[in-house]
Amino acid sequence: MTTFQAALLDLDGTLLDSIPDLAHAANAMRIELGMPALHIDVVATFVGKGVDNLVRRALAGSLHAPDPEPQAFEQARTSFYRHYHLVNGDKATVFDGVIEGLKAMRERGLKLAVVTNKPTEFTLPLLERTGLSGFFQEVVCGDTCVRRKPDPDQMFYACERLGVTPQQTVAIGDSVNDALAARAAGMRVLAVPYGYNEGQDVQTLDVDAIVNSIAHAAEWIAEQNATLQQA
């Protein structure tokens, strides 16, 4: 096996707690459409497969709802986008260990990229507002490739942009979408236990390790690389 040269990190639920802003926008959308607000913990289970899926789930108030009528969906989507643009980053916070972990990875020469299902128009301002943008050489968003996580396209694209192979790369996320995309791309994958795995226990994921923080992820990568260099 080769040593790790790069890390691909998910955004929502891995680097940032963005649920307060997402829930605000989802509930503003529901209220505008004449529906009651949902509890923030419910909205948190809707996050993971991109904004459009969040809109569908928030509109139905359910994780497993049939698709709404196209006109109803477009109305809801327009409302959500308008409200989310107003609050994107207002209450989002960087999880403990993220800054330390990113600094450690960068100091050890790892190439870093964000790979998220969030659209570009929300991702780039959010990274800027939270002070994380400077850590990353590449940002791959939900509208960068034809398909998004759990499909591996974004993972392959990020590797190509960073000039590394999937075998030289570790993916770090919080959900089944991250794990499936990484495995399909032939990558090692780490999971953090504090994110938004659509209400599922992170222990059920097919990952190489569960790390308590991004700082611990940096330590895991360093240990793996040290072992491989000695082999």
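1. Ala7 of strand S1 has Val170 as its bridge partner in strand S6. A second pair links these strands, since the bridge partner of Ala6 in S6 is Thr169. S1 and S6, the latter made of residues 169-173, pair in the parallel sense over four bridges. This is a predicted model, and every remark below should be read with that in mind.

2. S1 also pairs with strand S4. Four bridges join S1 to S4, and the two strands run parallel. Leu9 marks one position in this pairing, where it stands opposite Val114 of S4.

3. Which way do the side chains of S1 point? Ala6 and Leu8 point one way, while Ala7 and Leu9 point the other way. All of these residues, which lie in the stretch 6-9, are buried. The general pattern is worth learning here: in a regular strand, side chains alternate between the two faces of the sheet.

4. S6 should be looked at next. Five of its five residues are buried. Thr169, Ala171 and Gly173 lie on one side of S6, and Val170 and Ile172 lie on the other. Both faces of S6 are therefore covered, as the residues on each side are all buried.

5. On from S6 comes strand S7, residues 188-191. S6 and S7 pair in the parallel sense over four bridges. Gly173 of S6 has Ala191 as its bridge partner in S7.

6. At another place in the sheet, S4 meets strand S5. Three bridges join S4 to S5, again with the strands running parallel. Val115 has Val140 of S5 as its bridge partner.

7. These pairings belong to one sheet. What is the order of its strands? The order is S5-S4-S1-S6-S7-S8, in an open sheet of six strands with parallel pairing. S5 and strand S8 (209-210) are the edge strands, and each pairs on one side only. A student can follow this order on the model by starting at S5 and stepping through S4 and S1 to S6.

8. Helix H3 covers residues 51-60, and seven of its 10 residues are buried. The buried residues are Val51, Asp52, Leu54, Val55, Arg57, Ala58 and Leu59. Note that Asp52 and Arg57 are among them. The cover over the buried residues of H3 includes helix H1 (19-32), helix H2 (40-44), helix H4 (70-87) and helix H6 (120-129). Just after H3, Gly61 takes a positive phi of about 70 degrees.

9. Helix H6 can be read by its sides. Phe122, Thr123, Leu126 and Leu127 are buried in H6. They cover an arc of only 120 degrees around the axis, so they lie on the same side of H6. Are Glu128 and Arg129, on the other side of H6, buried or exposed? Glu128 and Arg129 are exposed.

10. The buried residues of H6 pack against both strands and helices. Their partners are strand S2 (16-17), H3, H4, strand S4 (111-115) and strand S5 (138-140). Just after H6, Gly131 takes a positive phi of about 75 degrees.

11. The largest nonpolar core has 55 residues, and Leu15, Phe80 and Met105 touch the most other members. What does Phe80 touch, leaving out residues up to four places away in sequence? Phe80 touches Leu22, Ala25, Ala26, Met29, Val51, Leu54 and Val55. Apart from the largest core lies another core, of 23 residues, including Ala6, Ala158, Leu162 and Val164.

12. Some totals for the whole protein chain follow. The chain has nine helices and eight strands. Of its 231 residues, 53% count as buried. The chain exposes about 10,200 Å², and carbon and sulfur atoms supply 49% of this area. Among contacts with a separation of 6 or more, residues 24 or more positions apart account for 67%.

13. Two values describe the overall extent. The C-alpha trace spans about 65 × 30 × 30 Å along its principal axes. The radius of gyration is 17 Å, which agrees with the value near 17 Å for a compact globule of 231 residues. A reader should keep both values side by side when viewing the model.

Note on methods
Residues numbered from 1 in each chain as written. Predicted model: local features only at pLDDT ≥ 70, side-chain atom pairs only at ≥ 80, totals over all residues. Heavy atoms only, no water. Buried < 20%, exposed > 50% of the residue type's maximum accessible area, 1.4 Å probe, protein only. Contact = heavy atoms within 4.5 Å. Core = buried A, V, L, I, M, F, W, Y, C linked by side-chain atoms within 4.5 Å. Arc of directions from axis to C-beta. Pairing = 2+ DSSP bridges. Rg over C-alpha atoms; globule rule 2.2 N^0.38 Å. Areas by Shrake-Rupley, 256 points an atom, 1.4 Å probe, with all protein chains shown as cover.
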